[in-house]
There are 2 protein chains.
Amino acid sequence: MTGTRERVAVVGLGLIGGSLSRRLAASHDVIGYDTDSSTRDLARTAGLTVVDDLPAAVHEASIVFVAVALPALSTVVGQVALSLPEDAVVTDVGSVKSPLYAAVRAQGLGTRFVGGHPMAGVERSGFSASDPDLYDGAAWVLCLEADTVLASWLQVAGVLTGMGVRVVPSTAAEHDAAVARVSHLPHLLAAALAATAADAGPLALTLAAGSFRDGTRVASTAPALPTSMCRSNPEAVDAALGEAMARLQAAQADPGSLIAAGHQARVAWENRQAVPSYLPAGDAMLRDRLLELGRRGGWIARIGSDVLSVAAPEPV
Amino acid sequence: MTGTRERVAVVGLGLIGGSLSRRLAASHDVIGYDTDSSTRDLARTAGLTVVDDLPAAVHEASIVFVAVALPALSTVVGQVALSLPEDAVVTDVGSVKSPLYAAVRAQGLGTRFVGGHPMAGVERSGFSASDPDLYDGAAWVLCLEADTVLASWLQVAGVLTGMGVRVVPSTAAEHDAAVARVSHLPHLLAAALAATAADAGPLALTLAAGSFRDGTRVASTAPALPTSMCRSNPEAVDAALGEAMARLQAAQADPGSLIAAGHQARVAWENRQAVPSYLPAGDAMLRDRLLELGRRGGWIARIGSDVLSVAAPEPV
């Protein structure tokens, strides 16, 4: 049935799972599934192989991507595990990782699971918004926890690097702290800006131009997703908000210092370099080296049989 | 010398004045001036008529646009007044209006001056970044104060609507309160986001994607401009920051309400309508009607001899 192509299953065919399925179909035997029959029909019309129940999707897969909404993730990972081949691995695309790991471990699935998070998205949602090029060059976190099976981790990482993704090794806790600042905080600041401007009345909204448009763009996102991200990551979001508010409070007395610091940070980010390097695949310390790479802002670009091609903003 | 075309002068040929000169040159006899000789050379190379001193630029103009940096505005308006023909009017493009009006009035120039502010810009600056299409469809505030000569105001408004700008009537105080929320606050939030993310370290910056990119875009702007905007508008910026911080503080306990309010505000802004209407040019209450139009978020699209074509988000 599959020829020589590796079989992967994608459970959930919205924006994230749909884009992933369409991209992976070029290189893999992809079986898709979604609980919604009209989504399944849309995906079939787009040329994907889609089955009508979850066990049929996963029972011959070597990797199962679970791409459902954050609140449903742990339940669906548990359902997947019931039909999962013994040597297969489950991964996901959820935007907060620690609570999911706790739920997955409570089901005894810690060693079967590799948590993932693609850093890509658009304001729209659903299969109709999917795009096989969504992940080109994007960062994709793969969690490397104490109970992660390194071979499983490398198997998932290999599929992702094969589609041109930068795989970033991280722990769930470090991931959650980082995304609170670069993903969840932007949603809250955009909402605060939009709501504050709207309260100022129609003149202000007529004068709103580029800085308002860009600063509020992510507020176009349907509220359920950013709300569940923030609610699932309360400590890190609280810390990020506290830090941002302290900076804003200081700006009431001295706007120039904040503006200068923000400018420096943004320009440094724009001008980051990618310094290539490599890690020997057989390194006994590979797990530690991968986590250190991620902490330095680095990523895996390609996984060969002997060597992992990596890159980082500074020489590693 | 000018044939039948109205002569306008543009003092300051950076991004704003350069774009204005290039656009107006299609319909007006434009004379440009800049204190920087290399900027004058650049503008001449682009085909503009540029003179080497300020009096030569303004002494035959009917309208003088002063497009210099905010801290220099009141000084340059005073210099322009020394060579200004008796029936000519001075306008400007500064992003904060009340302190400028105070300085202009202190020089006895209140009735010669109509404060303006185009709601357009990009992160780059200088004549080399100028673009004759920068203002297409943009809102451009023109201040209508108690001492404003209505005929002068309409003269400037006519030039601007002729270039496809939406002219928004406002008082300096109402303008300053509005832009604190839709222009100055976005700069401060973008800076807070960029600085908070940078402090989180290299992993966070590698995971920064679309929401961070858009949320920090205006932090690319050279800091001098947003800093002077915020410092010139301290009360309104303080109020806008206070309101945004109160919303963020509430989000620490309940992120969902802020995200929902921000989403509603952004979507309403995206979907605003332009309902066309008109005002009789000879209306004895025209000044009040114009200010009321601006308060309702409306603008002037065209000025005819009998009628002003206007539009607003709701029927006026």
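**Figure 1. B:Ala67, a buried loop residue.** B:Ala67 is buried, with a relative accessible area of 11%; here, buried means under 20% relative accessible area, exposed over 50%, and partly exposed in between, using a 1.4 Å probe and protein chains only. This is a predicted model, in which local features need pLDDT of at least 70, side-chain atom pairs count only at pLDDT 80 or more, and totals for chains, interfaces and linings use all residues. Residues are numbered from 1 along each chain as its sequence is written, chains are lettered from A and ligands numbered from 1 in the order in which they are written, and side-chain values use heavy atoms, with hydrogens and water left out. To find B:Ala67, look at the loop of chain B between strand 4 (63-66) and helix 4 (73-83); helices (H or I, at least four residues) and strands (E, at least two) are DSSP runs, numbered from the N terminus. Setting aside neighbours within four places in sequence, B:Ala67 is in contact with B:Val11, B:Gly12, B:Gly17 and B:Val93, where contact means heavy atoms within 4.5 Å. For a sense of scale, the C-alpha atoms of B:Ala67 and B:Ala268 are separated by 33 Å, with the two positions 201 residues apart along the chain.

**Figure 2. B:Asp29 in strand 2 of chain B.** Strand 2 covers residues 29-33, and B:Asp29 is part of it. Is this residue buried or exposed? At 15% relative accessibility, B:Asp29 counts as buried. B:Arg5 makes a useful landmark: its C-alpha atom is separated from that of B:Asp29 by 5.7 Å, although the two residues are 24 apart along the chain.

**Figure 3. A:Leu293 in helix 13 of chain A.** Now we move to the other chain, where A:Leu293 sits in helix 13, residues 286-295. A:Leu293 has a relative accessible area of 2% and is buried. Its C-alpha atom and that of A:Val310 are separated by 8.4 Å, with the residues 17 apart in sequence.

**Figure 4. A:Thr196 and its contacts in chain B.** Helix 7 of chain A runs over residues 172-199 and includes A:Thr196. This residue counts as buried, at 0% relative accessibility. Which residues does A:Thr196 contact, leaving aside its neighbours within four places in sequence? They are B:Arg181, B:Leu185, B:Ala240, B:Glu243, B:Ala244 and B:Arg247. Within its own chain, A:Thr196 has a C-alpha separation of 49 Å from A:Leu84, 112 residues apart in sequence.

**Figure 5. How the two copies meet.** A rotation of 180 degrees, with 0.0 Å of shift along its axis, superposes chain A on chain B with an RMSD of 0.0 Å. The two copies are thus related as by a two-fold rotation axis; the fit is by least squares on the C-alpha atoms of residues with pLDDT of at least 70 in both. Of the interface residues of chain A, 99% are also interface residues in chain B, so the copies meet through the same surface.

**Figure 6. Stepping back to chain A.** Chain A holds 13 helices and 12 strands, and its C-alpha trace spans about 65 × 50 × 35 Å along the principal axes. Buried residues account for 56% of its 316 residues. Among contacts in chain A between residues at least 6 apart in sequence, 67% join residues at least 24 apart.
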